[in-house]
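Visitor: I am new to this structure and would be grateful for a close look at a single part of it. Please begin with that part and then relate it to its surroundings.

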Amino acid sequence: LPFLPLPSSMHLIQVDSVQRWMEDLKLMTDCECMCILQSKPISVEKDEQNELILSSQYSTCDNLQLLLKRAWIISTELTRIAQKLEKNRWQRVHSMTVRVNCHVRSMINEYNTFTRNSSEEMHQFEKLLIDKCSEFTAFTERCVQTEDEQILKSMKSCINETLTTIAQYFGQLIELVLTHEAQNLLRQIEVSDSVYVTEAAISSLFSLTQEGAHLCRIIAKEGGVAALFKICRQDCFRCLYPQTLRTLASICCVEEGMHQLEKVDGILCLADILTDNTHSEATHAEAAAVIAQITSPHLTFSQHLSSFLENMEEIVTALVKLCQEASSGEVFLLASAALANITFFDTMACEILLQLNAMKILLAACSDKHIVDTPYSRDQVVTILANMSVLDQCASEIIQGNGVQLLMEMLFERSSSGNSAEVAACERVQQKSAVTLARLSRDPEVADAAVKLSCIPRLIKLCRSPTERNNSDSVLVACLAALRRLAVMSPDGLEDSDFQQLVKPRLVDSFLLCTNMEESFV
């Protein structure tokens, strides 16, 4: 069934089950109660707050969150109805249908209490959806009342068709609602001269972007990127630049956002912000975050940013300066992430970085544990080093900046928390440090320094011990490659058994040998 994927479900699913149940309980009320609440106003004393009339108590952002939660519940219920229908669980199908009917009416009622200027098309879909839900409830009620298998079989296809239609109407209505709300927020941003009104609208818009790619596409389609860059070009809104840029970074995770950014000369605006020393560090950091987002190597649609190449030298220079002057780990992470992505984006970036003494700056930053304070930051630094290491001139820079010692330390990178994202970052640090060593060790001076720092025993340990590399195949391959390069430069540093198993065979054979060392828990 074509149910609308609702990204808010991600927030609901990734919590403790009891907390999830408590969240849902507020919305999953009995049909009779909901009917009473909808039809009768509840009077309260002047000093009391009426928590039952939700929409009058909440901001636009809160109301949209409530709407998305309600919509997610409806989408989930429709999926469950389809599953129960397949198993001919008629009583369950009917009770769930009644519940969906109730939720649909409640959602529409709640939304209409806080929305403004809803379109005629929206009202038409509301009516179509309510009518179809009533029809669906009547169908399932008849199914409960009959025991004739033939009649039930003949009605099943009709019920399936009705369920599909409900899902379609529901998806279209939610799309219209979200588009309408995005338009309202963007209209406020466009016309308001008030910093407070604009700030509230941007805050609500940012909350919507956090609900997933679908909402980002809607906002981009409705001109969100243009409206936000317009804010970033007005001095009177300077205090809102960080918040505005953060919202832009979220919208630019989708292709539609990137296209809009290119159309409104967004790259030039970002370059102007980054090179303007009168802006705050927070503004520069958020501009770096937008650069990191639009140059992400994971995006398949970023290569069309032709204007980026025109402004790349200015942007890279500003980002290196931001890394050098960063007052916190977060600022350094954003600036270095942008630089790391740019080194993938265009090879010329590495030459610019070399001219700017970026390697010296990055190596110096790594010695400050307040600035480079997480595996995520070290991942960005070693990514830049790995991409720069293809240049022959990098070897002398590494030696002068004590970079081989840093790469050796990175081979010991381990997660302190056990968090899956942090563990993955540690694996990347180990892999890229081994790759960098392998590339740089073509220079005898670097290879000699690596051997003196006992890199060979550490690489052997990573190859032979799966737990040291967290069972990562990518780390294993990188370590084997680095070990083979160092073995050529310093063959006396290996035991004969290590040479016979890890260096002499084909790399794929050594790889298979090392992966077979893993313990079996079966």
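Guide: The account below begins with one helix and then moves outward to other parts of the protein.

The model is a predicted one. The protein has 28 helices and zero strands. The part chosen for a close look is helix 22, which spans residues 403–410. Six of its eight residues are buried, so helix 22 is largely enclosed by the rest of the structure. The cut-off behind this statement is a relative accessible area under 20%. The buried residues of helix 22 are Gly403, Val404, Leu406, Leu407, Met408 and Met410.

The cover over these residues comes from several helices. Among them are helix 19 (358–366), helix 20 (375–388) and helix 21 (394–400), which precede helix 22 in the numbering. The cover also includes helix 23 (420–440), helix 24 (444–452) and helix 25 (455–464). Three of these neighbours, helices 20, 24 and 25, can be described further.

Helix 20 contains arginine 378. Although arginine carries a charged side chain, arginine 378 counts as buried, because its relative accessible area is 17% and the cut-off is 20%. Leaving aside residues up to four places away in sequence, arginine 378 touches Val372, Asp373, Met410, Glu413 and Val429. One of these, Met410, is also one of the buried residues of helix 22.

Helix 24 holds a salt bridge between the side chains of lysine 452 and aspartate 448, with a distance of 3.1 Å from N to O. The two residues both lie in helix 24, four residues apart, which is about one turn of the helix. An α-helix has 3.6 residues a turn, so residues three or four places apart point the same way. Lysine 452 counts as exposed at 64% relative accessibility, whereas aspartate 448 is partly exposed, with a relative accessible area of 38%.

Helix 25, another part of the cover, also packs against helix 26 (residues 473–489). Two packed helices are described by the angle between their axes and the distance between the axes. For helix 25 and helix 26, the axes come within 9 Å and cross at roughly 145 degrees. The crossing of helix 25 past helix 26 is left-handed. On the side of helix 25, the contact is made by Cys455, Ile456, Leu459, Ile460, Leu462 and Cys463. Helix 26 contributes Leu476, Cys479, Leu480, Ala482, Leu483 and Leu486. By class, this contact has twelve nonpolar residues, no polar residues and no charged residues.

Other parts of the protein offer points of reference for what has been described. Side chains of opposite charge can pair when their charged atoms come close. The structure holds 18 salt bridges, including the one in helix 24. Another joins aspartate 131 and lysine 127, at 3.0 Å from N to O. These two residues are four residues apart in helix 7 (residues 120–145), and are thus separated by about one helical turn. Aspartate 131 is partly exposed at 39% relative accessibility, while lysine 127 is exposed, with a relative accessible area of 54%.

A further salt bridge brings together the side chains of glutamate 190 and lysine 230, at 3.3 Å from N to O. Glutamate 190 belongs to helix 8 (residues 149–191) and lysine 230 to helix 11 (residues 224–231), so this pair ties together parts that are 40 residues apart in sequence. Both partners are partly exposed: glutamate 190 has a relative accessible area of 40%, and lysine 230 stands at 41% relative accessibility.

Helix 8 also contains threonine 162. At 4% relative accessibility, threonine 162 counts as buried. Apart from residues up to four places away in sequence, threonine 162 touches Lys132, Glu135, Phe136 and Phe139.

The totals for the protein place helix 22 in a wider setting. Of the 522 residues, 51% count as buried. Among contacts between residues at least 6 apart in sequence, 74% join residues at least 24 apart. The accessible surface comes to about 25,000 Å², and 51% of that surface belongs to carbon and sulfur atoms.

Conventions:
Residues are numbered from 1 along each chain as its sequence is written. This is a predicted model: local features need pLDDT of at least 70, side-chain atom pairs count only at pLDDT 80 or more; totals for chains, interfaces and linings use all residues. Side-chain values use heavy atoms; hydrogens and water are left out. Buried means under 20% relative accessible area, exposed over 50%, partly exposed in between (1.4 Å probe, protein chains only). Contact means heavy atoms within 4.5 Å. Axes are lines fitted to C-alpha atoms, for helices over the stretch in contact, and angles run from 0 to 180 degrees between N-to-C directions. A crossing is left-handed if the near helix is turned anticlockwise from the far one by less than a right angle, and right-handed if clockwise. Accessible areas come from the Shrake-Rupley method with a 1.4 Å probe; for residues, only the protein chains shown count as cover. A salt bridge is a side-chain nitrogen of Lys or Arg within 4 Å of a carboxyl oxygen of Asp or Glu.
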